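Thanks for agreeing to look at this one with me. Below are my notes, set out as numbered points so that you can check each against the coordinates.

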Amino acid sequence: KTFAMPCLPGSEYNTGRYLGKAVREAGPDIAGILLFTTPLSIDAAELLAGMSAGGNEFPVFGGGAGEYESGCGSMVFCGKDQFSQGVVAVALTGSDVQIDAHMYLGWQPISKEMSVTDADGVLLKTVDNVPALQVYERYLEIKNDRDFFPNVLKFPLVLERNGHTYAHVPVLAYPDGALRLSHAVKTGEKFLLGYGNPELIIRNAAVLHKKMAEFGPEAILLFSCACRRHLLQDDVDLETKPFQAIAPTVGFY
């Protein structure tokens, strides 16, 4: 069963609550939700928080339609519905459907711990009371120029929240030194600069290959951030190709 709806900035939490309620009312045998959003135009984390507010006992997985470098924007679509600010959800149902969802990061810290001292949603203004861009200038000599995004792509801001580790990639830098992130952060949160360790990524992938083989799936869906492909380059097959030996595998970066 499919759901598609617009989601304007500022309405993410309420849209998520509405979507979660609609999905839960779709039937008794929901095995999981395949979710696609436009994370550069809305706060997808708030959307997910709204969905969870009513209580979801099934896995949610999927990806964001990310178009970072040309500035042309992206969209999600379902049938004749298409949104540049929106969400598409597919509820996978059936009493005989089983879904096993896993994730792993593979990024490690390369800086000291820092504090968010001024933030407004996805806009990170200051870190340790200085413009956020200075973090990248100080540690990595990355400037606000035409190559800003390709340069920061491998160095997300890594933070802990509710027992989970998240990696937020800046997608834009502003003249005043503020950064636009892929997800919202809150004033007072702590983070470190992260760097992808290829050996750690491949090692984590091998653990997941084993878990998937033990589950014995009929199909595997993979959703990976494009920064992993930029980092691993030709070695990216070491992470993804072994899944194909377990079951037919498809997915997206």
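**Notes on the predicted model**

1. Let me start with a charged pair: E189 and R161 are both buried. They form a salt bridge, and the closest N and O atoms are 2.8 Å apart. This pair links distant parts of the chain, with E189 in the loop between β14 (179-181) and β15 (190-196) and R161 in strand β11 (residues 157-161), 28 residues apart. Please keep in mind that this is a predicted model.

2. How many salt bridges are there by the distance rule? The count comes to 4. As background, side chains of opposite charge can pair when their charged atoms come close.

3. A second one joins the side chains of K112 and D128, at 3.2 Å from N to O. Here too the pair links distant parts of the chain: K112 sits in the loop between β7 (107-109) and β8 (114-120), D128 in the loop between β9 (123-127) and β10 (130-131), and they are 16 residues apart. K112 counts as partly exposed because its relative accessibility is 45%, a value between the 20% and 50% limits. D128, at 32%, is partly exposed as well.

4. Then there is K21 with E25, a salt bridge whose closest N and O atoms are 2.7 Å apart. K21 is partly exposed, with a relative accessible area of 45%. E25 has 56% and is therefore exposed, the limit for that class being over 50%.

5. Now to the sheets. Which order do the strands of the open 4-stranded sheet follow? The order is β1-β6-β2-β3, and the pairing is mixed. β1 (2-6) and β3 (60-64) are the edge strands, each pairing on one side only. From one strand to the next, the twist averages 15 degrees.

6. Within that sheet, β1 and strand β6 (residues 86-93) run antiparallel and are joined by 5 bridges. If you want a place to begin looking, P6 stands opposite G86 in β6.

7. Two helices lie across these strands. Helix α1 (residues 12-24) lies across β1, β2 (30-37) and β6, and runs at about 165 degrees to β1. Helix α2 (residues 44-53) lies across β2, β3 and β6, running at about 155 degrees to β2.

8. Elsewhere, strand β16 (residues 220-223) has alternating side chains: I220 and L222 point to one face and are buried, while L221 and F223 point to the other and are not. Strand β17 (residues 249-252) runs parallel to β16, and 4 bridges join the two. L222 stands opposite G251 in β17.

9. Which residues have the most contacts inside the largest nonpolar core? They are L124, Y136 and L179, in a core of 41 residues. Helix α5 (residues 198-215) gives the most to this core, with 4 residues. As a general point, nonpolar side chains tend to be buried together in soluble globular proteins.

10. Y136 is a good residue to centre your viewer on. Leaving aside neighbours within four places in sequence, Y136 is in contact with E141, I142, V152, F155, P156, L157, P170, L179 and L193. Apart from the largest core lies another one, of 17 residues, including F3, I30, L35 and M51.

Notes: Residues numbered from 1 in each chain as written. Predicted model: local features only at pLDDT ≥ 70, side-chain atom pairs only at ≥ 80, totals over all residues. Heavy atoms only, no water. Buried < 20%, exposed > 50% of the residue type's maximum accessible area, 1.4 Å probe, protein only. Pairing = 2+ DSSP bridges. Axes fitted to C-alpha atoms, helices over the stretch in contact; angles between N-to-C directions. Contact = heavy atoms within 4.5 Å. Core = buried A, V, L, I, M, F, W, Y, C linked by side-chain atoms within 4.5 Å.
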